[in-house]
Amino acid sequence: MVNNLMGKADEAMKKHEDKNKGESMVIFDRISKEKNQALMDGVWIVWTMQRELGRYAAKVQDTLNGKKDHARRVLEKFLAASMEAFMASVFNDWVASWMSILEEKRALETEDERLTKAMKKQKLEARRTVDKNLGAAFGAAVA
């Protein structure tokens with residue numbers, strides 16, 4: 001009899017556990033479906049955001065590339081203008097140096113001509129003096 005009651009109690013417990021297990025599975029399935037839907041919604045949001053972020057990144061990259069190209073062109077113009085200014089400065093310095101050399105050369109030529117004329121004049125005067133002295137000495141010797 002005790003065994004019989006224990007058997008009935010075990011059966012009742014097993015039915016109760018099966019019933020609770022079934023109810024738990026229904027609840028678990030419902031929660032799981034809700035979580036799956038929430039997870040799917042989250043995945044959809046992340047995927048959409050990633051796609052939009054990719055588009056935005058591409059636009060930003062295009063903008064940066066455009067700005068890089070613009071900056072490069074501005075820099076090239078600046079360098080070209082700087083190079084032209086540098087070359088003009090170098091050329092002007094070369095011209096000024098050449099003109100200075102020419103002026104020094106002209107001054108030296110003028111001084112050379114002046115000294116040459118002075119030496120010719122002194123030579124002529126010396127010759128006159130020698131001729132005069134020789135003429136006087138020859139005249140004194142003849143007389």
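1. Salt-bridge network. In this predicted model, a network of salt bridges links D69, R72 and E76. Within that network, R72 and E76 are paired, with their closest N and O atoms 3.4 Å apart. Both R72 and E76 belong to helix α1, where four residues, about one turn of the helix, separate them. Neither side is buried: R72 counts as partly exposed at 40% relative accessibility, and E76 is likewise partly exposed, with a relative accessible area of 43%.

2. Salt bridges in total. A search of the whole structure finds four salt bridges. Side chains of opposite charge can pair when their charged atoms come close.

3. The pair E52 and R55. The side chains of these two residues meet in a salt bridge with an N to O distance of 3.0 Å. E52 and R55 are three residues apart in helix α1, about one turn of the helix. Because its relative accessible area of 38% falls between the limits of 20% and 50%, E52 is classed as partly exposed. R55, with a relative accessible area of 45%, is partly exposed as well.

4. The pair E111 and R114. Here the closest N and O atoms of the salt bridge are 2.5 Å apart. Helix α1 holds both E111 and R114, with a spacing of three residues, about one turn of the helix. E111 is partly exposed, having a relative accessible area of 34%, and R114 counts as partly exposed at 46% relative accessibility.

5. Nonpolar surface patch. F91, W94, V95, W98, M99 and I101 make up a nonpolar patch on the surface. Together these residues offer about 610 Å² of accessible area. One of them, M99, is located in helix α1. The relative accessible area of M99 is 38%, so this residue is partly exposed and also passes the limit of over 30% required of patch members.

6. Overall fold and surface. The protein contains one helix and zero strands. Helix α1 spans residues 2-142, and the protein has 143 residues. How much of the protein counts as buried? The share of buried residues is 0%; a residue would need a relative accessible area under 20% to be placed in that class. The accessible surface of the protein comes to about 13,600 Å². Carbon and sulfur atoms account for 64% of that surface.

Methods
Residues are numbered from 1 along each chain as its sequence is written. This is a predicted model: local features need pLDDT of at least 70, side-chain atom pairs count only at pLDDT 80 or more; totals for chains, interfaces and linings use all residues. Side-chain values use heavy atoms; hydrogens and water are left out. Helices (H or I, at least four residues) and strands (E, at least two) are DSSP runs, numbered from the N terminus. Buried means under 20% relative accessible area, exposed over 50%, partly exposed in between (1.4 Å probe, protein chains only). Accessible areas come from the Shrake-Rupley method with a 1.4 Å probe; for residues, only the protein chains shown count as cover. Patches are made of residues with over 30% relative accessible area and no salt bridge: like charges are joined within 9 Å, nonpolar side chains (Val, Leu, Ile, Met, Phe, Trp, Tyr) within 5 Å.
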